[in-house]
Structures are given as C-alpha cells and as structure tokens.
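Work through the exercises below with the predicted model in view. Each task is followed by a solution in steps.

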Amino acid sequence: MLAARWHGAGDVRVEEVPEPGAPGVGEALIEIDCAAICGSDLSEYRDGPHMIPVARAHPLTGRTAPLTLGHEWVGRVIEVGDGVDLRPGTRVCGDACIRCHRCFWCLRGEYNICRLGASIGLHADGAFAPYLRAPAYLLEPVPEGVPDAWAALTEPLAVGLHAVRQGALAVGETVVVAGFGMIGAAASAMALAGGAAAV
C-alpha cells in the first residue's frame, strides 16, 4: 500500500509499504476514509524532528523514523483482534494518545501526560495510508450523521474542549484565545458552545 512517511525535515515520501496485517489482542484494523493534516505534522515536515524518534526507538512503541504520519482521521473497522467489542463496519475516529496504562498519570486517568506516552502518526505509524492498525482503546464510534471531514477533526476539537474545561468557563463569560490555528479555532468553537458571551 502507499503511505506518506516522514524521513526527515523537508522529506516526506509517498512510498510503498507493507499492509499492517491482522490485528493482535486488543487491536483493530481500520480502513481510513479521511485524514487531516495537523500543525504538528507541518512542523515535523518544516524543521523536525520535534517528536518523531530518530536516534533512539520510542520506549513504548519501539519505533524510529521513517514513520507514516497522520493522527487526525476517520475510518471503518474491518477486522478486530481478541478482546475488542467493536464490530467490523463501525465508523470510528481515534484518540492519538498511546499510553502505558501503568504509570501514576495513566492510573489517574490523565493518560495525556503519561511519561512513556506516544502518538499515532508521530511515534507509531499513522493514518496517511489506506489502513491503520491501532489499539482499540483509542477508537471512538462516530454517529452516522457526522460527515467524514468533521469526524476527522475530532482530536483537535477535543483539545479545544479540554482547554475550555481546564479554564472552568462559566456561562456568560468573555473568552480570549491567543492564536487562531486549528487549536485556537477549536477552543473558540468549544467556548461558544459552552456558553461564552463573546470570544
């Protein structure tokens, strides 16, 4: 299959790679319908590596570059491994955060700050390919009425929602967002949805 793989700054190649193979225990194989380009993908391309492991393998994934980019996506489950309750055909999007499940932060439910944490598309192969094999705990079913292009933005929208929740927004408050990239736009949209009087 063809995949867009990061080899170095200014060096992303569309190249032939093996298909990911059958899912293992707790994994699912997804056929990708739509993937978005994140600002972190752009910064890795422009002047990385920032997050992509090059000299040493990532301690959780065991991977180094080259890696297939893409952590904002939507697709359909085509096969599942043992212990996965999703059905083939289920449309899903994904959390990008691979975690250890053992550290203090994971056990508190704050897996986004897992000390061994990794990301699909930055520390393991991502969704800039026809197929993605991923841990099923990353997957979230997508309601049928949500278009693919919107579903692919679930991850950055969730970041904006998290920011608004961390800010403890009260209905009627005014919110200031510094910067209006995707995450700034997501924070603005979530603040308005959460009852901000003005953004």
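**Exercise 1.** Determine how strand β3 is joined to strand β5, and in which direction the two run.

Solution. Take β3 as residues 27-36 and β5 as residues 72-80. Eight bridges join these strands. Their directions are antiparallel. For a single position, look at A28: the residue opposite A28 is V80 in β5.

**Exercise 2.** Place this pair in its sheet: what is the strand order, and which strands stand at the edges?

Solution. The sheet is open and has five strands. Read across, the order is β9-β3-β5-β6-β10, and the pairing is antiparallel. The edges are held by β9 (131-135) and β10 (139-141). Each has a single partner strand, so one side of each lacks a neighbour in the sheet. From one strand to the next, the twist averages 45°.

**Exercise 3.** Count the disulfides in the structure, then account for C93 and C103.

Solution. A disulfide is a covalent bond between the sulfur atoms of two cysteines. The cut-off applied here is a sulfur pair within 2.5 Å. The count is zero. C93 takes part in no disulfide, and the nearest cysteine sulfur, that of C34, is 11 Å away. For C103, the closest cysteine sulfur belongs to C106, at 3.7 Å, which is too far for a bond.

**Exercise 4.** Are C93 and C103 buried or exposed?

Solution. Buried means under 20% relative accessible area. C93 has 4% relative accessibility, so C93 counts as buried. C103 has a relative accessible area of 17%, so C103 is buried.

Terms used
Residues numbered from 1 in each chain as written. Predicted model: local features only at pLDDT ≥ 70, side-chain atom pairs only at ≥ 80, totals over all residues. Heavy atoms only, no water. Pairing = 2+ DSSP bridges. Helix = DSSP H or I, 4+ residues; strand = E, 2+ residues; numbered from the N terminus. Axes fitted to C-alpha atoms, helices over the stretch in contact; angles between N-to-C directions. Buried < 20%, exposed > 50% of the residue type's maximum accessible area, 1.4 Å probe, protein only.
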